[in-house]
Amino acid sequence: MSRKQSLRGASRVLQAIFSIIVGVCFTGPVVAQDMPEPPGLEFAFEVRVQVADPVVVADLPSGQTRRIIDILGGTVEGPEIQGEVLPGGADWQLIRQSDGFTDIDARYTIRTDDGHLIYVSNIGIRHASPEVMRRLNAGEVVDQSLIYFRAIPRFETEAPSLDWLMTHLFVSSGERYPNGVVIRFWKVL
């Protein structure tokens, strides 16, 4: 038997094995189920922070600007959590120079009224028309309804009473003002 015939024989054996495996794994037609209800949202809390003036790190060759906005402090209010935002966090932004589209990477710490610490990492985007984004990034007051500002937060804490922050997904919606940010967080049900 030539090498070519051996390879053809081995190929047929492999095809037969593959057919058996596929037949076993997919023994029936895939039937679509009715569309389930979308997940609900439950308001969790609101964060109001004061921020410093942006520090422009660089205008990058990619056509983006890297800037950092220090978080000076703030408040946290919600049905199950109250506290303060500690100074020392920041928002590391990457802004597209052509239209102001902004990638947001905010990280900060919350201290609850009963002394528990929560690390927050909030990754998101902010955009509007180029004119609105130009005015917003220049520190002007703009109509917040014209801006899409959404993020996906993650939380870390050792407090058992706050475990719900780490066992659920959350979404947030933000508003940017000249010297501050308001962010509302919703738990995905």
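How many salt bridges does the structure hold? The structure holds nine salt bridges (a side-chain nitrogen of Lys or Arg within 4 Å of a carboxyl oxygen of Asp or Glu). Please keep in mind that this is a predicted model, in which local features need pLDDT of at least 70 and side-chain atom pairs count only at pLDDT 80 or more, while totals for chains, interfaces and linings use all residues. Residues are numbered from 1 along each chain as its sequence is written, and side-chain values use heavy atoms, with hydrogens and water left out.

**View 1. A salt bridge joins Lys 187 and Glu 42.** The closest N and O atoms of Lys 187 and Glu 42 are 3.5 Å apart. This pair links distant parts of the chain, with Lys 187 in strand β10 and Glu 42 in strand β1, 145 residues apart. Helices (H or I, at least four residues) and strands (E, at least two) are DSSP runs numbered from the N terminus. Lys 187 is buried at 10% relative accessibility, whereas Glu 42 is partly exposed at 34%. Here buried means under 20% relative accessible area, exposed over 50%, and partly exposed in between (1.4 Å probe, protein chains only).

**View 2. Glu 46, Arg 48, Glu 175 and Arg 184 are linked in a network of salt bridges.** Within this network, Arg 184 pairs with Glu 175, and their closest N and O atoms are 3.0 Å apart. Arg 184 is partly exposed, with a relative accessible area of 23%.

**View 3. Helix α2 carries a salt bridge between Arg 134 and Glu 131.** The closest N and O atoms of the two residues lie 2.8 Å apart. Because Arg 134 and Glu 131 are three residues apart in helix α2, about one helical turn separates them. Arg 134 has a relative accessible area of 45% and is partly exposed; Glu 131, at 43%, also counts as partly exposed.

**View 4. Strand β1 gives the largest share of the largest nonpolar core, five residues.** A nonpolar core is a set of buried Ala, Val, Leu, Ile, Met, Phe, Trp, Tyr and Cys residues joined through side-chain atoms within 4.5 Å. Of the 32 residues in this core, Phe 45, Val 47, Tyr 108, Ile 110 and Leu 165 touch the most other members. At least two core residues come from each of β1, β3, β6, β7, α2, β8 and β10. Not counting residues up to four places away in sequence, Val 47 has contacts (heavy atoms within 4.5 Å) with residues including Tyr 108, Ile 110, Val 181 and Phe 185.

**View 5. Asn 122 is a buried residue of strand β7.** The relative accessibility of Asn 122 is 3%. A 3.3 Å polar contact joins the side chains of Asn 122 and Ser 172. Polar contacts are pairs of N or O atoms within 3.5 Å; within protein, one must be able to donate a hydrogen and the other to accept it, and residues adjacent in sequence count only if both atoms are side-chain atoms.

**View 6. Gln 144 sits in the loop between α2 and β8.** With 14% relative accessibility, Gln 144 counts as buried. Its side chain reaches the backbone oxygen of Arg 176 at 2.7 Å. Beyond four places in sequence, Gln 144 touches Leu 136, Glu 175, Arg 176 and Tyr 177.
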